[in-house]
Amino acid sequence: IKKRIEISTTTIQSRINDYTGKKQYHAGQILTYMQSKLPENAFCLIGVLMTDIYPKEEWNYVFGLASWMKRTGVFSFARYDESFFTDDPSIEPNRDRIIYRSCRVISSGKLSKRIGDDT
């Protein structure tokens, strides 16, 4: 497990999504950044974000992106949070529950499928 990196301190491109009005980061640039941080003895490096991501300008969003050949993957759990789709202040994000539930989904097959899709 590597130390947490504040993505806002990197040069990774971001935008505001036209539909949600929420900030998103470019998933491909995240993978490139992660490749430079991948230890030689690591099997893979996986990034987990609570901010939305997108793979290409013409795409709205993506839940995750990975490269089997480059041993990196990034996943966003932002859209699993019910507070993502509303500005209602009474709905508070439950980040611990979202991370736990989302990690279960990934461990049950999504990760192996994503890493198998070389992008």
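Q: What is the strand order of the open sheet of three strands?
A: Happy to start with the sheet, in which strands pair if DSSP finds at least two bridges between them. Strands here are DSSP E runs of at least two residues and helices are H or I runs of at least four, numbered from the N terminus. The pairing in this open sheet is mixed, and the order of its three strands is 1-2-4.

Q: Which strands are the edge strands of this sheet?
A: An edge strand pairs on one side only. That description fits strand 1 and strand 4 (52–54).

Q: By what angle are neighbouring strands of this sheet turned against each other on average?
A: Axes are lines fitted to C-alpha atoms, for helices over the stretch in contact, and angles run from 0 to 180 degrees between N-to-C directions. With direction ignored, the average for neighbouring strands of this sheet is 40°.

Q: What kind of model is this, and which pLDDT do side-chain atom pairs need?
A: Residues are numbered from 1 along each chain as its sequence is written, and side-chain values use heavy atoms, with hydrogens and water left out. This is a predicted model in which totals for chains, interfaces and linings use all residues, local features need pLDDT of at least 70, and side-chain atom pairs count only at pLDDT 80 or more.

Q: Do strand 2 and strand 4 pair in the parallel or antiparallel sense?
A: Strand 2 and strand 4 are joined over three bridges. Q24 has D52 in strand 4 as its bridge partner. The sense of the pairing is parallel.

Q: At about what angle does helix 1 run to strand 2?
A: Helix 1 lies across both strand 2 and strand 4. Relative to strand 2, the helix runs at about 50°.

Q: Which element gives the most to the largest nonpolar core?
A: A nonpolar core is a set of buried Ala, Val, Leu, Ile, Met, Phe, Trp, Tyr and Cys residues joined through side-chain atoms within 4.5 Å. The largest one has 15 residues, and I7, Y25, A27, I30, L49, I53 and V74 have the most contacts inside it. Helix 1 (27–37) and strand 3 (45–49) each supply at least two residues. With four residues, the element that gives the most is helix 1.

Q: Is N17 buried or exposed?
A: N17 sits in the loop between strand 1 (14–16) and strand 2 (23–26). Contact means heavy atoms within 4.5 Å, and beyond its neighbours within four places in sequence N17 is in contact with K22, Q24, N60 and R79. Buried means under 20% relative accessible area, exposed over 50% and partly exposed in between, using a 1.4 Å probe and protein chains only. Because its relative accessible area is 3%, N17 is buried.

Q: Which residue forms a salt bridge with R79?
A: A salt bridge needs a side-chain nitrogen of Lys or Arg within 4 Å of a carboxyl oxygen of Asp or Glu. R79, in the loop between strand 6 (72–76) and helix 2 (95–116), is 27 residues apart from its partner in strand 4. R79 is buried at 12% relative accessible area, and the partner is buried at 2%. The closest N and O atoms are 2.8 Å apart, and the partner is D52.

Q: How many salt bridges does a search of the whole structure find?
A: Among them, E6 and R4 meet at 2.9 Å, N to O, while R15 and E57 meet at 3.6 Å. R15 is buried at 17%, whereas E57 is partly exposed at 47%. The search of the whole structure finds three.
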